[in-house]
Structure formats: structure tokens, C-alpha cells
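Trainee: Could you take me closely through a single part of this model, starting from one loop residue and working outward to the packing and the charged pairs around the strands?

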Amino acid sequence: MSDDKKKTHHEDDKDMIKLIDNLNRKDDVHLNRRAFLKASFGATVAIGLATTPFGIFTFLRDENGEVKRVEITDIDDLAIGESRNFNYPTKNEPAILVRTPEDKFVAYNNKCTHLQCPVFYEHKENVLLCPCHKGYFNVDSGQPMAGPPQRELPKILLEIKDGKVFAVGREVRHG
């Protein structure tokens, strides 16, 4: 190798060493691709969770900002111990209204929390029954009593006014 080439090669090595010396390895570990992806994913989840209540609020409101109030039935049209199917909050979401033996009105989503089969009111036993896998839910609370369901049924909030029963919201509970 000629002297000119050795000098050029030697000078290139010095330039590279200067570049490497400028890096702080400790900072480099914290600013890698995995850390960036974790931070991006975390930020996305945080933003999604932070905006969820606004989405639910908007979903349950009509174009005027009013709570979506859906008339289900007249009180006199549903005898004690009977149930009625309806849709809430959209026409594609089935729900069930029950007038309990204690003359209370309760309503829930009409899909079993196990595999989304329809739920029926069983008057004799005063329970909500999913016949697909024999899942039983408490009528008063929507909590699972027997069978494979592990989560309670989402509750439909009701309002009784002027002799009519209205669905006015949905409560998704966990516990």
C-alpha cells in the first residue's frame, strides 16, 4: 500500500472514531426501535381510553344532544311476570324488558355474555335463561348464576314517565 493510501485510510478511521465517540451508549439503549414502538403503542392505548367516554356519550345521544330515549311499552301493556323484547340503542341491538314479580321494571342486553345467544325470561324460576349452554342470570342484577357465562348482562337504564317505559341509556358493568 502506498503512503498516500495509508494516510487516507488512517484519517478515515480517525473520523469514524470521532463519530462513535459522540454517541452515548446509555442514551442509545433508551432510544431504540423497541422503546419507540412501546411508547407509540402506549400513547395510542391511552388516547383510545381517554376518548372512549366521549364516544359512548355521543353514541347514546341523538343529533340534538339529547339522550336517546326509546319508548318500549305502556306500563299497562306488560303484566307482572312478563317480558318484552325491544331494540336499544340501535335497531340492531336486541334487549329485553322484564316486569318482575315484585312489580319492578328491569332491562338488559338480550345477548348472553358467553357466546351472544339470545336470553329469555323464565317466569317460573324468575331468571333470565340462555338456552344455548344453560346459562342463568339473576333478573334483578343481571349477574350470572349458573352455566358458562362469567360476566353480567349489560343493563339498560329505564325511565318511567306518564305511564310509559323508556330506555334512556346503557350501563356496562364489570364486577
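**A loop threonine and its surroundings**

Mentor: Thr113 sits in the loop between β4 (105-109) and β5, and in this predicted model its relative accessibility is 10%, so Thr113 counts as buried, the limit being under 20%. The side chain of Thr113 reaches the backbone oxygen of Arg151 at a distance of 2.7 Å. Leaving aside neighbours within four places in sequence, the residues in contact with Thr113 are Phe137, Pro149, Gln150, Arg151, Glu152, Leu153 and Pro154.

Two of those contacts, Phe137 and Leu153, lead on to the nonpolar interior, for both are listed among the residues with the most contacts inside the largest nonpolar core, along with Val98, Val119, Tyr121, Leu128 and Val139. That core has 13 residues, and the elements that give two or more residues to it are β3, β4 and β6. Val139 shows how such a residue is surrounded: not counting residues up to four places away in sequence, Val139 touches Val98, Thr100, Val106, Tyr108, Tyr121, Asn126, Val127 and Leu128. A second, separate core has twelve residues, including Tyr88, Ala95, Ala107 and Ala167.

Asn126, one of the residues touched by Val139, belongs to the loop between β5 (120-122) and β6 (127-130), and its phi is near 55 degrees, a positive value in a residue other than glycine. Lys134, in the loop between β6 and β7 (135-138), likewise has a positive phi of about 55 degrees although it is not a glycine; Lys134 is exposed, with a relative accessible area of 58%.

Tyr88, named above as a member of the second core, is joined to Pro89 by a cis peptide bond, with omega about 0 degrees, and Pro89 is found in the loop between β2 (83-87) and β3 (94-99). Ala167, another member of that core, has its C-alpha atom 5.8 Å from that of Leu157, although the two residues are ten apart along the chain. Leu157 belongs to strand β9 (residues 155-161) and is partly exposed, with a relative accessible area of 34%. Not counting residues up to four places away in sequence, Leu157 touches Phe166, Ala167, Val168, Gly169, Arg170 and Glu171.

Turning to the charged pairs, a search of the whole structure finds five salt bridges. In one of them Glu71 pairs with Lys164, the closest N and O atoms being 3.4 Å apart; because Glu71 lies in strand β1 (residues 70-74) and Lys164 in strand β10 (residues 164-171), this pair ties together parts that are 93 residues apart in sequence. Both partners are partly exposed, Glu71 with a relative accessible area of 43% and Lys164 with one of 26%, and a network of salt bridges links Glu71, Asp74 and Lys164.

Arg170, already mentioned as a residue touched by Leu157, forms a salt bridge with Glu93, where the closest N and O atoms are 2.7 Å apart. Since Glu93 lies in the loop between β2 and β3 and Arg170 in strand β10, the pair ties together parts that are 77 residues apart in sequence; Arg170 itself counts as partly exposed, at 23% relative accessibility. Asp103 and Arg99 form a further salt bridge, with their closest N and O atoms 2.6 Å apart, and here Asp103 counts as partly exposed at 38% relative accessibility, whereas Arg99, at 12%, counts as buried.

Key
Residues numbered from 1 in each chain as written. Predicted model: local features only at pLDDT ≥ 70, side-chain atom pairs only at ≥ 80, totals over all residues. Heavy atoms only, no water. Helix = DSSP H or I, 4+ residues; strand = E, 2+ residues; numbered from the N terminus. Buried < 20%, exposed > 50% of the residue type's maximum accessible area, 1.4 Å probe, protein only. Contact = heavy atoms within 4.5 Å. Polar contact = N/O pair within 3.5 Å; in protein donor to acceptor, adjacent residues only side chain to side chain. Core = buried A, V, L, I, M, F, W, Y, C linked by side-chain atoms within 4.5 Å. Salt bridge = Lys/Arg side-chain N within 4 Å of Asp/Glu carboxyl O.
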